Structure formats: C-alpha cells, structure tokens
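The following note is offered to a colleague who wishes to read this model residue by residue. The points are numbered and may be taken in turn.

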Amino acid sequence: MKKEEILQILREVHHPGKSDRDIVDLGMVQEVNIEEGKVSVTLAFSKRRDPLAEYLIGSTRASLIRHLGAGVESEVKTVVVEEVKKKSGIEALGMEQLINVRHIIGVASGKGGVGKSTVAVNLACALARLGYRVGLADADVYGPSIPTMTHTEGESPMAEEHEGMELILPLEKYGVKWMSIGYFAQKGQALIWRGPMACNALKQMVLQVKWEDLDFLLIDMPPGTGDIHISLVQDIPMEGAVIVTTPQAVALADVEKGVDMFRNPSVNRPIFGLVENMAWFTPEEHPDEKYYIFGKDGGKKMAAELGVELLASIPLVQSVRECADKGEPAALGSGPDAMAFIELATRLAEKMG
Ligand SMILES: Nc1ncnc2c1ncn2[C@@H]1O[C@H](COP(=O)(O)OP(=O)(O)O)[C@@H](O)[C@H]1O
Ligand SMILES: [Mg+2]
C-alpha cells in the first residue's frame, strides 16, 4: 500500500462547505501513516470547532474502510493548525477566483497542430452563443494563439488590486472572457520558458484572473503529456478534459498518450470526450460535399478503442483557418463549420448538466 493510493481514496471525501472540493485538494490531509495492517490519517482543521469536522472525519473513515476492507485498521486523527500566514507572490495563489466557476474543462491533445486551439476558441464562442457564461485561459506557454485567433493581439489586460494581490482582468470579446500568456509578450517575441517558470505562468493564467461567475472555463492546454500537464491538472481543480485529434491512424498513439495522462492515478480525471477535427474536407463552394481524405470513421474507431465518447466531428474547411487568421472565430458564422462547433457545444453542455 502506498501513500499515493491512500490519497486517491481520500479524494472521495468532499468538503460541502468549500465548493465541494476534496480534502486532498484543500490541503487538509496533513499526514498519512502506513504500517503493517494499519493506516492512520491526520486531518488538519483551521478552526478549533469546525462544524463539519465530525462529518469529514466520518466520511474519511468510511472511505478508508470501504477501500481497504475490514482487515486493515484505519484511524483518523485531527489537528488544529493556525490559520496559514499570508504567503506572497505565486505561492499565495489559491482557488478564490474559481469559486464561482461551475465547470473547468481542459482542452488537450497528444501533440500539436491538430487544431486544439481552434477547437477551444470555437467551442468557447459556440457555448457563448448558446447563452452560457464562458471563459478561455490559454495555458499554452509555448505557442499562445488566442490573441491572434480572437484579434486581440496587442491588447494589454488591466490589473486590479484585491486584498494585497494583483488580479488580472480578462479581455471580453464575442461574449467570452479571454486570457492568454500571449498578452504579456511583445509581438513576434518568442516565449522561452523552462519547467518551473512555465508552470507558474500557467497557474497565473488561471488562478490570478478575475473570472467572476462562469458556467464554463476552458483551458487550452499546452500540447504534449509531460510534467507540466500533470502539475497543471493537480494545481487547478480541472473537472476533466476534452481531447482533440485528427482522424489519421497515426494520431491514435498520441491520443492514447493524452488519454493515459488523465487516467494516470496521480491525475485521475474523467475524459468527457473526443473531438475529431478535420474529419473530412468540405470545399467552400460545395458545402454539401464531404471528402474523407484521412479515411472515414477514424474518430469513431479511436473513441471506441479508448473507451471515450466521440463528442463531435469538425470538418476541414478553408474558412476555419481564414477566420482564425482574421481573429473572427468560425463558430460565430452560419456555415457547416459553425454548425459543427454548435453541435459540439450542445453535446458538452448536455453532458455537464
Ligand atoms: N477544422 C479546420 N479547418 C481548417 N483549418 C483548421 C481546422 N482546424 C485547425 N485548422 C488550422 O490548422 C492550424 C493548426 O491549428 P491550431 O488550432 O493552431 O492547432 P494546435 O493548437 O493543436 O497546435 C491553424 O492554422 C488552424 O487555422
Ligand atoms: Mg495551439
């Protein structure tokens, strides 16, 4: 039995007084002690008389017994810790700005160039068209594309002081709140980030932004499946992810990596579905024609193989790229591409309830 496994079990215990976040996420698990035939967990409370203490202790014990069985003795201890002193800078970033966000969804892909950002931007606009309050955080520190795709490049977000902390105000356009690391770089200047710096920048793009009330906060994740991703999913209460792919057979291995990352025990978040981008080619002047240049039903087969739902198939249409380059997302229009994004948004919204 490993500490990781115990923490996984403890993630089942949610704090009803704190947006239903789990006790591991909330940093309440102070100690996990594993001995032969015995597990002891210490929960930290910041108040001496927390009204939910009994409930949380009981739920923790019940989860342990349920998973470990009666053969393992389990014990739940508690300690009262002083209110943590205010930390400074990035360390102080908490989840406060996400409290009124209903769903936080990562948009990920196994590799770059499959249209992840295009899907993220258009999904955001489509959800807004359906009447939802939407935000999109561009967490792709290596190639932020939201400023170009929304024609907001060159804009500088404002900051606001809040309880001794600077909060960044998102830009608003097309009914969506946008935030990107790209707003903080000079045009044409390459962004060079190394591990920890990249992680901090990502966290800031999500945690230090005044999102206010949102139904959906989408996160355009950096391509790949490395440490940055794992850290991002762990530090941000992402509910789950949507994975973008193209239909070719060669993409399967990459998608599999993306799926595995979310199913990895230390991440363990659901995948809400697969989006097959560039599923077929439709010429601008013949919107009813479909050419399956990468083969038909690739996305469907991939989804079945990986045990995830195929949420939508998006056509390869010249206007999608042209709109992206112009900064006017295709989902705002009325073509078959716009309809595909609206369908994706409808499916996802239904699924999330
Ligand atoms: N469905 C589509 N139809 C036409 N062009 C597309 C489509 N999806 C993406 N593109 C284009 O493909 C390129 C890569 O897309 P992008 O969203 O930047 O990929 P990623 O974020 O995965 O690296 C962009 O030029 C984009 O405009
Ligand atoms: Mg991108």
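1. With 15 C-beta neighbours inside 10 Å, does Asp297 count as buried, exposed or partly exposed, and why? The model is a predicted one, and in it Asp297 counts as partly exposed because 15 C-beta neighbours fall inside 10 Å; a buried residue would need 20 or more, and an exposed one would have 12 or fewer. Asp297 belongs to the loop between strand 14 and helix 8 (298-306). Its phi is near 65 degrees, a positive value in a residue other than glycine.

2. Two further residues of the loop between strand 14 and helix 8 deserve a remark. Tyr292 is placed in this loop and is exposed, because 12 other C-beta atoms lie within 10 Å. Tyr292 and Trp280 are 12 residues apart along the chain, and their C-alpha atoms are separated by 4.5 Å. Ile293 is placed in the loop between strand 14 and helix 8 as well, and it is partly exposed, with 13 other C-beta atoms within 10 Å. From Ile293 to Ala137 the C-alpha separation is 32 Å, across 156 residues of sequence.

3. Asn268 also has a positive phi, near 45 degrees, in a residue other than glycine. Asn268 is located in the loop between helix 7 (251-263) and strand 14. It counts as exposed because it has 12 C-beta neighbours inside 10 Å.

4. The surroundings of ligand 1 come next. The ligand is surrounded by 18 residues, and the closest are Gly115, Lys116, Ser117, Thr118 and Val320. Two or more residues of this shell come from each of helix 3 (116-129), strand 14 (271-281), strand 15 (310-316) and helix 9 (318-326). By class, the shell holds 8 nonpolar, 8 polar and 2 charged residues.

5. Helix 3 calls for a separate point. Of its 14 residues, 13 are buried, and the helix is thus mostly covered. Does the distance between its ends agree with the span expected at 1.5 Å a residue, or what else is found? The 14 residues of helix 3 should span 20 Å, and the end C-alpha atoms are 20 Å apart, which agrees. Just after helix 3, Gly131 adopts a positive phi of about 100 degrees.

6. The largest nonpolar core comprises 80 residues, and Ala124 and Phe341 have the most contacts inside it. Helix 3 is the element that gives the most to this core, with 9 residues. There is also a second, separate core of 12 residues, and among them are Ile6, Val39, Leu43 and Leu56.

7. Which residues does Phe341 contact, leaving aside its neighbours within four places in sequence? They are Asn122, Leu123, Ala126, Ile314, Ala330 and Ala331. Phe341 is one of the buried residues of helix 10, the others being Asp337, Ala338, Ala340, Ile342, Leu344, Ala345 and Leu348. The elements that cover these buried residues include helix 3, strand 13 (240-245), strand 14, strand 15 and helix 9.

8. The length of helix 10 (residues 336-352) can be checked in the manner used for helix 3. At 1.5 Å a residue, its 17 residues should span 24 Å; the end C-alpha atoms are 24 Å apart, which agrees. Gly353, just after helix 10, has a positive phi of about 75 degrees.

9. The domain assignment divides the chain into domain 1 (3-85) and domain 2 (91-352). The C-alpha centres of domain 1 and domain 2 are 34 Å apart. Each domain gives residues to the contact: 5 from domain 1 and 5 from domain 2. On the side of domain 1 that touches domain 2, there are no nonpolar, 2 polar and 3 charged residues.

10. Val76 closes the note. This residue lies in strand 5 (residues 73-80) and counts as partly exposed, because it has 19 C-beta neighbours inside 10 Å, whereas a buried residue has 20 or more. Leaving aside neighbours within four places in sequence, Val76 contacts Val41, Leu43, Ile57, Thr60 and Arg61. Leu43, listed among these contacts, is included in the second core. Val76 and Gly58 are 18 residues apart in sequence, with a C-alpha to C-alpha distance of 8.6 Å.

Methods. Residues are numbered from 1 along each chain as its sequence is written. Chains are lettered from A and ligands numbered from 1 in the order in which they are written. This is a predicted model: local features need pLDDT of at least 70, side-chain atom pairs count only at pLDDT 80 or more; totals for chains, interfaces and linings use all residues. A residue is near a molecule or strand if its C-beta atom, placed from the backbone, lies within 6 Å of it. Helices (H or I, at least four residues) and strands (E, at least two) are DSSP runs, numbered from the N terminus. Ala, Val, Leu, Ile, Met, Phe, Trp, Tyr, Cys and Pro count as nonpolar, Asp, Glu, Lys and Arg as charged, and the others, Gly among them, as polar. A nonpolar core is a set of buried Ala, Val, Leu, Ile, Met, Phe, Trp, Tyr and Cys residues joined through C-beta atoms within 7 Å. Two residues are in contact if their C-beta atoms, placed from the backbone, lie within 7 Å. The expected span of a helix is 1.5 Å times one less than its number of residues. Domain bounds come from an automatic or database domain assignment.
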